Amino acid sequence: MGESKITSFVPEPGTCLPWRIKKEEFGELAGDEEIVKAEWEKLDAFAYAFIWFWVQR
């Protein structure tokens, strides 16, 4: 995994860690990047919902 050059960011609503940031951590991806991106966005949306569930209890 490569080191991210981005030190701070403001995530868009509904996201925890945007794909553009995570992609930098992965570096060069072998295979279809769109598949990895789609799965990452599902996982990120789940994490966002999980955190909000616990915050609003």
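**A friendly note on charges, contacts and a surface patch**

1. Let's start with Asp44. Leaving aside residues up to four places away in sequence, Asp44 touches Gly14, Thr15, Cys16 and Leu17. Asp44 itself has its place in helix α2. Please keep in mind as you read that this is a predicted model.

2. Two of those neighbours deserve a second look, so to speak, at the level of atoms. Which backbone atoms does the side chain of Asp44 reach? A polar atom of the Asp44 side chain lies 3.0 Å from the backbone nitrogen of Cys16. The Asp44 side chain also reaches the backbone nitrogen of Leu17, at 2.9 Å.

3. Is Asp44 buried or exposed? Asp44 is buried, yet it has no salt bridge. The nearest side chain of opposite charge belongs to Lys22, and it is 9.2 Å away. A salt bridge needs a side-chain nitrogen of Lys or Arg within 4 Å of a carboxyl oxygen of Asp or Glu, so at that distance the two do not pair.

4. Now for the charged pairs. How many salt bridges does a search of the whole structure find? The search finds three. Let's take them in turn.

5. Lys22, which we have just met, has a partner in Glu25: their side chains meet in a salt bridge, with N to O at 2.9 Å. Both residues belong to helix α1 (residues 19-26), and because they are three residues apart there, about one helical turn separates them. How well covered is each partner? Lys22 is buried, with a relative accessible area of 14%, whereas Glu25 is partly exposed at 23%.

6. The next pair is Glu33 and Lys23, whose closest N and O atoms are 3.2 Å apart in a salt bridge. This pair links distant parts of the chain, with Glu33 in helix α2 (residues 33-55) and Lys23 in helix α1, 10 residues apart. As for exposure, Glu33 counts as partly exposed at 27% relative accessibility. Lys23 also counts as partly exposed, at 34%.

7. The remaining pair is Glu39 with Lys42, whose side chains meet in a salt bridge at 3.1 Å, N to O. Where do these two residues lie? Both are in helix α2, three residues apart, which is about one turn of the helix. Glu39 is partly exposed, with a relative accessible area of 43%, while Lys42 counts as exposed at 52% relative accessibility.

8. Let's leave the charges and turn to nonpolar side chains. Which residues form a nonpolar patch on the surface? They are Leu43, Phe46, Phe50, Ile51, Trp52, Phe53, Trp54 and Val55, and together they have about 870 Å² of accessible area.

9. Two members of this patch are worth finding in the structure above. Phe50 lies in helix α2, and with a relative accessible area of 46% it is partly exposed. Val55 is found in helix α2 as well. With a relative accessible area of 53%, Val55 is exposed.

10. One last thing to try in your viewer concerns Val55 again. How far apart are Val55 and Gly27 in sequence and in space? In sequence they are 28 residues apart, and in space 33 Å, going from C-alpha to C-alpha.

How values were computed: Residues numbered from 1 in each chain as written. Predicted model: local features only at pLDDT ≥ 70, side-chain atom pairs only at ≥ 80, totals over all residues. Heavy atoms only, no water. Helix = DSSP H or I, 4+ residues; strand = E, 2+ residues; numbered from the N terminus. Buried < 20%, exposed > 50% of the residue type's maximum accessible area, 1.4 Å probe, protein only. Lys, Arg positive; Asp, Glu negative; His and termini not counted. Polar contact = N/O pair within 3.5 Å; in protein donor to acceptor, adjacent residues only side chain to side chain. Contact = heavy atoms within 4.5 Å. Patch = residues over 30% accessible without salt bridge, like charges linked within 9 Å, V, L, I, M, F, W, Y side chains within 5 Å. Areas by Shrake-Rupley, 256 points an atom, 1.4 Å probe, with all protein chains shown as cover.
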